[in-house]
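Q: Could you take a close look at one part of this model for me, a place where two helices meet, and then tell me about the sheet as well?

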Amino acid sequence: MDTPPESTGSDRATVEATETFVAHRRLLFTVAYEMLGSAADADDVLQETWLRWVEVDAAHVDDPRAYLVRITTRQALNRLRSMKRRREEYVGSWLPEPLVTTPDVAADVELAESVSMALMLVLETLTPTERAVYVLREAFGIGYDEIAAAVGKTSAAVQQIAHRARRHVEARRPRRTVTARQAEAAVEAFRRALETRDLQGMLDVLAPDVVAISDGGGIKQATPRPIMSADKVARFIVGGLTKNGVALSVEPTTVNGSAALALHVDGQLDGVIAMCVEDTRITGLYYVRNPHKLSHIESETPLTLR
């Protein structure tokens with residue numbers, strides 16, 4: 001029997017680096033996803049982070065978690081800036097890539113809100129640096145000095161950016177919260193109304209000023225602009241998604257930390273509807289139909305973030 005070769009110091013360092021990276025992977029993915037709104041791009045950022053991390057001499061790193069967050073943030077910032085043109089050229093309304101999450105994410109109110117479709121859309125209105133600072137500070141409670149090292153600013157500048165971003169987000173985010181159970185009840189009432197083509201039942205669960213946004217990415221049909229008001233949204237949903245001769249099935253799921261629906265037409269996944277619920281009524285409908293944003297929905301294991 002041949003004697004197995006002895007592992008080198010380099011091999012041991014790679015194994016240790018891998019173990020450290022894996023231990024913090026969920027956190028790093030969530031940071032990247034909240035900055036980018038795309039699971040695919042977040043995965044690419046983590047790959048880039050890993051390639052840089054294995055080249056680092058761990059003996060000179062006092063806090064591996066902080067160091068990894070710093071690398072991830074810088075890579076996500078670079079990608080976010082390069083994505084600007086892609087977003088400007090996007091056909092129709094753009095929505096974040098839906099992320100199938102485990103029920104425990106919904107139970108964590110702060111985490112669920114930080115990855116919600118409603119808040120992710122608000123974050124789209126921030127500059128890349130503002131978004132990075134907001135995510136690191138508000139969603140993860142990271143200190144100003146650590147954020148400053150990640151974004152290449154002074155601590156004082158980061159505090160000003162954080163204040164500006166927080167004020168901007170607070171002016172636009174949903175203000176009335178509901179429990180996870182109340183949100184699930186509203187989504188279930190919407191599902192029943194959709195399956196039974198019950199226009200009045202849908203009107204009962206929609207807020208008067210509800211807004212519906214659909215994202216087909218120029219590949220599937222979607223409304224070019226948001227639809228506003230309960231009457232218009234209900235008629236669009238009931239009329240557009242329940243056409244005669246189409247076998248429609250609606251399955252409950254959990255997307256971005258909240259109750260949502262997966263729609264199948266003639267047995268094929270057609271889209272995912274995420275919702276924002278306030279005061280027991282639905283105020284926002286986010287219908288993602290772009291196939292590129294749905295490729296992982298049925299095959300991917302639900303994620304536990306952090």
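A: Let's start with the side chains and backbone that touch: from α3, Asp 41, Asp 44, Val 45, Glu 48, Thr 49, Arg 52 and Trp 53 are in contact with α4, where the partners are Pro 64, Tyr 67, Leu 68, Ile 71, Thr 72, Gln 75, Ala 76 and Arg 79. Sorted by class, that α3–α4 contact holds seven nonpolar, five charged and three polar residues. Keep in mind that this is a predicted model.

As for the geometry, α3 covers residues 39–53 and α4 covers residues 64–82, and their axes come within 9 Å, crossing at roughly 130 degrees. That angle falls outside the 65 to 115 degrees counted as roughly perpendicular and is not over 145, so it belongs with the oblique ones, and α3 is therefore oblique to α4. The crossing of α3 past α4 is right-handed.

Now for the sheet. Six strands form an open sheet with mixed pairing, and they line up as β2-β1-β6-β5-β4-β3. The edges belong to β2 (227–228) and β3 (248–255); each has a single partner strand, so one side of each has no neighbour in the sheet. Further in, β5 (residues 268–278) pairs with β6 (residues 281–288) in the antiparallel sense, over seven bridges. If you'd like a spot to zoom in on there, Ala 274 has Tyr 286 in β6 as its bridge partner.

A helix goes with this sheet too: α12 (residues 180–195) lies across β1 (206–215), β3, β4 (258–265), β5 and β6, and it runs at about 20 degrees to β4.

Key. Residues numbered from 1 in each chain as written. Predicted model: local features only at pLDDT ≥ 70, side-chain atom pairs only at ≥ 80, totals over all residues. Heavy atoms only, no water. Pairing = 2+ DSSP bridges. Helix = DSSP H or I, 4+ residues; strand = E, 2+ residues; numbered from the N terminus. Contact = heavy atoms within 4.5 Å. Axes fitted to C-alpha atoms, helices over the stretch in contact; angles between N-to-C directions. Parallel < 35°, antiparallel > 145°, perpendicular 65-115°, else oblique. Left-handed = near helix turned anticlockwise from the far one by under 90°. Nonpolar A, V, L, I, M, F, W, Y, C, P; charged D, E, K, R; others polar.
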